[in-house]
Amino acid sequence: MIKPARLAYAPDGTPYSASFDDVYHSTEGGLDQARYVFLGGNKLPERWQQRERFTILETGFGLGLSFLATWQAWRNDPQRCAHLHFVSTELNPFQRADLIALHQRWPELNELASELHANWPPLTPGFHHLVLDQGRVSLTLLFGDALRMLPELSGQADAIYLDGFAPQKNPALWSQELLSAITKHAAPDATLASWCVAGEVKSMLRELGWHLKKRPGFAHKWHMLCGAMNGTAVSSVTPQNAIVIGAGIAGCSAAEALARRGWQVTLLERHAAAAQEASGNPVGLLHPILAKDDNLAARFSRAAYLYSLRLLQSLGHETVRWQACGILQVAEDTAQAATYQANCATFPADYVSWLDREEASTQAGLPVSAGACWFPHGAHVNPKDFCQALLNAAGPNLNIRYATTVASLHFEAGLWHARDSFGHSIATAEHIVLANANAANELLPELVLSLRPIRGQLSYLPAAALDDLRSALCGVGYAIRDDEQCVIGASFIEGSADVSLRADEHADNMARLARLLPELKIEFKTENLPGRVSFRAVSHDRMPLVGTLPQAQLKVQHTLANLPRQNGLHALLGFGARGLSWAPLAAELLAARLTGATLPLENALVRSLDPARFHLRWHRSHNRV
C-alpha cells in the first residue's frame, strides 16, 4: 500500500512534508536548485551530448522538479542524446491533483508538466514506466521503499541525483545499504551530485569508490557535493535490425518499440493484413488481475495494464476506437466477493474499488448478480485499430511484408535467415522476434515453449439487447457493448482445432451472460447467432514468454541467470486472452533488453517471464542423476 504525500506548505510557502518535518526544496527556489545542483553538478547537458542514450537515477522524485528541469534542458539542447531515461524512487508520491497544484508555481514548465500529469499513474506499488515526448524520453518511477526497489532495478546510470530529505530527517535514504545499492547501478564513468555534504555520507561514498569534491552550494548553502567513478565509458548499443514474425498485438508492439529506438524492422505476417487471428476480434477488454497476495502475475498485470492505458491515450481516440467505460469484475460467489473486497482495500480508488451489488448494478446500468471490483479506467479496445496505430507509429523504420509465411529459421555468419517452405531466404537480420503465438512451436520444435492453443468463441448480439449497459462486465464471462453490437464470451476449450461456430458454445456464452445479469430477459436461437472463433496461445503457468531463447542442449547445473542463450533469437509469446493489456509493456521490456537499456520492470517480474523457464525445467527433469 502506497501512502500518498500530503500537500502542505511551510510558513514561507515552500512545499513541506509533515511526515519528515522538512521542506521539499530550498526556500530560494526548487527549479533553480535542481538546475544548479543536479544538472550542473553532473556536468549536464555536456555529458549526454552526441550519445545514443543517457540514463539518470534519482533518489526521491518529490515534486518532480529535478526531472522537469532535466527534461527541459534536454529539449533545449540541439546536441542532446537520442533518448533520455530518468529513473526515480519515491516512497510517498503526490497524487495527480496535488502535482498539478504544485506545478502551477512554475509556468515555464507548463507544457512538460501537463504531459507528466496526463501520464501520472495511480499510486500503486512497483515500477511505473512512462514514455514521454513522442518516445524520446522515458520516466521509470519506483514507488515504494528505495531499499526494496533498487535491488529490483536492472541497468546502469550515467548520472545520479542524490536527493531526498536531510539525513537527520530521513536517515534511511542516506544509509550505507542504500548508497551501496545506488553505486551498484553506476556506469563506469558515472557522476553524482547532491546538495548534502554531511561527513558520514561523504565517508560512505568514498568507501564505495566515488571520487568526491566539493563546490560552492546553491543560495545560502556553503557547499554541495560532486562525485565521479572515473572509469571508462561504455559506448551505447547502436541501432540494429530485426525480423519480427507475426502481426498481431505482440508483433505490432515489438515493431513499434524497436523502430522507436531507431532499429530497422522487417515485419513478416502470413496473412494479407495485420490482426487476423486472436487480435482480429472486434473488441477486447483492458483490465488487470487482482490477487490476494499480490503475486508476480498480479504485479506484472498491473504494470502492463497501466502502461497500455497510457499508450492508448498517447495514440488517441482518433486512431484507435477505444473507450475507458470502466469495467466491473463481478464476484461468482460469497467467498470470492470477500476476497475481492479485501484485495480492493489495498489499492487507491482511482485504480480499483469494491462496490456492493446495489452499487455495482447502478454503475452497470443493469442488475448484476453480486458485488464487483470496479476498475474506473478499465477500457474496451478495438484490437485491429490498436495494431494498425502501432504500425503507423513505427514510421519509416518499419518494412511490412504480408502474405509471407516463415517455414524455418537458420543462423549463419551472425545473421538469422527466415526461410519459406522451399528453403528460400525471405529476410535476414541480426535479431529475430517470434511473436507468432502457437506457430512458434513449429519453428522451434527442439525447445519446450509450453505453448498450447485454446479455442475461444465469441457471440454477437444486437446492441439493443444490452441497451442500458454502461460499463463492461467480466467475471464468469464478459459482456461488452459498443455502438455496433454486444460481444459476449468467451469459450475456453483446449485441444480443438475447429474454426467453425458452434451452437453449444453460443449457449454457454449466453449462460455466462445470465450469471452476470440474472434479471436480463433476452432470448436468441444459439444456432443462428453470429460470432467469431480464434485461438489463444497459453503457457502452463499462464504467464507470457518474453526474452532471449535458450540453447536447445543444456547442462543440468544451469540456472536462468547463467543459461546459454541463442544469439539474437527472442520470444514475445503466450499472452493468452490478455494481449491487449500485456503485450505493449512486454515488447518495451524486450526492446530495452536488446538495446542494453535500463529495464522497465522489476527483476523478479523479468525472471517470471523468462522464455527459457519451461525448457530448463524439462531438461532438469529428464537429466536427473
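The exercises below, each with a worked solution, concern a predicted model.

**Exercise 1.** Determine whether strand S27 (residues 485–489) is enclosed or open to the surroundings, and identify the strands that pair with S27.

*Solution.* Begin with the two faces of the strand: on one side lie Gln 485, Val 487 and Gly 489, on the other Cys 486 and Ile 488, and all of these are buried. Buried here means under 20% relative accessible area. Since five of the five residues of S27 are buried, the strand is largely enclosed by the rest of the structure.

Next, consider the pairing partners. Strand S24 (residues 452–462) pairs with S27 in the antiparallel sense over four bridges, and within this pairing Ser 459 has Ile 488 as its bridge partner. Strand S26 (residues 478–481) is likewise joined to S27 by four bridges and runs antiparallel to it, with Ala 479 standing opposite Ile 488. Finally, S26 and S27 form a hairpin, in which three residues lie between the two strands.

**Exercise 2.** Describe the open sheet of six strands, starting from its strand order, and say which helix packs on the sheet.

*Solution.* The order of the strands is S19-S12-S11-S23-S31-S30, and the pairing is mixed. The edges are formed by strand S19 (398–401) and strand S30 (545–550), each of which pairs on one side only. On average, and with direction ignored, neighbouring strands of the sheet are turned by 20° against each other.

At the S30 edge, the pairing with strand S31 (residues 565–573) is antiparallel and extends over five bridges; there, Pro 550 stands opposite Arg 565 of S31. The helix that packs on this sheet is H15 (residues 579–595), which touches strand S23 (431–434), S30 and S31, and whose direction makes about 165° with that of S31.

**Exercise 3.** Characterise the largest cavity and the second largest pocket by volume and by the residues that line them.

*Solution.* Take the cavities to begin with: the structure holds four of 30 Å³ or more, and the largest contains about 50 Å³ of space. The lining of this largest cavity consists of Thr 124, Pro 125, Gly 126, Phe 127, His 128, Arg 299, Arg 302, Ala 303, Glu 602 and Leu 605. Strand S5 (126–132) and helix H9 (296–315) are the elements that give two or more residues to it. Sorted by class, the lining has four nonpolar, three polar and three charged residues.

Turn then to the second largest pocket, which has a volume of about 940 Å³. Of its 50 lining residues, those closest to the centre are Val 23, Tyr 24, Asp 163, Gly 164 and Phe 165. Among the elements that each supply at least two lining residues are strand S2 (22–23), helix H2 (65–75) and strand S4 (83–90), while the largest share, four residues, comes from H1. By class, this lining has 24 nonpolar, 18 polar and eight charged residues.

**Exercise 4.** Locate His 85, decide whether it is buried or exposed, and list its contacts beyond its neighbours within four places in sequence.

*Solution.* His 85 lies in strand S4. Its relative accessible area is 4%, and His 85 is therefore buried, the cut-off being under 20%. Once the neighbours within four places in sequence are left aside, His 85 is in contact with Phe 54, Thr 55, Ile 56, His 129, Ser 138, Thr 140 and Thr 598. As a last step, compare His 85 with Pro 125: the two are 40 residues apart in sequence and, from C-alpha to C-alpha, 20 Å apart in space.

Key. Residues are numbered from 1 along each chain as its sequence is written. This is a predicted model: local features need pLDDT of at least 70, side-chain atom pairs count only at pLDDT 80 or more; totals for chains, interfaces and linings use all residues. Side-chain values use heavy atoms; hydrogens and water are left out. Buried means under 20% relative accessible area, exposed over 50%, partly exposed in between (1.4 Å probe, protein chains only). Two strands pair if DSSP finds at least two bridges between them. On a 1 Å grid over the protein atoms alone, a cavity is a set of points where a 1.4 Å probe fits but cannot get out, and a pocket is an open set with protein on both sides within 12 Å along at least five of seven lines; lining residues have an atom within 4 Å of a point. Grid points are joined across faces, edges and corners, and a volume is the space filled by probe spheres set on the points. Ala, Val, Leu, Ile, Met, Phe, Trp, Tyr, Cys and Pro count as nonpolar, Asp, Glu, Lys and Arg as charged, and the others, Gly among them, as polar. Axes are lines fitted to C-alpha atoms, for helices over the stretch in contact, and angles run from 0 to 180 degrees between N-to-C directions. Contact means heavy atoms within 4.5 Å.
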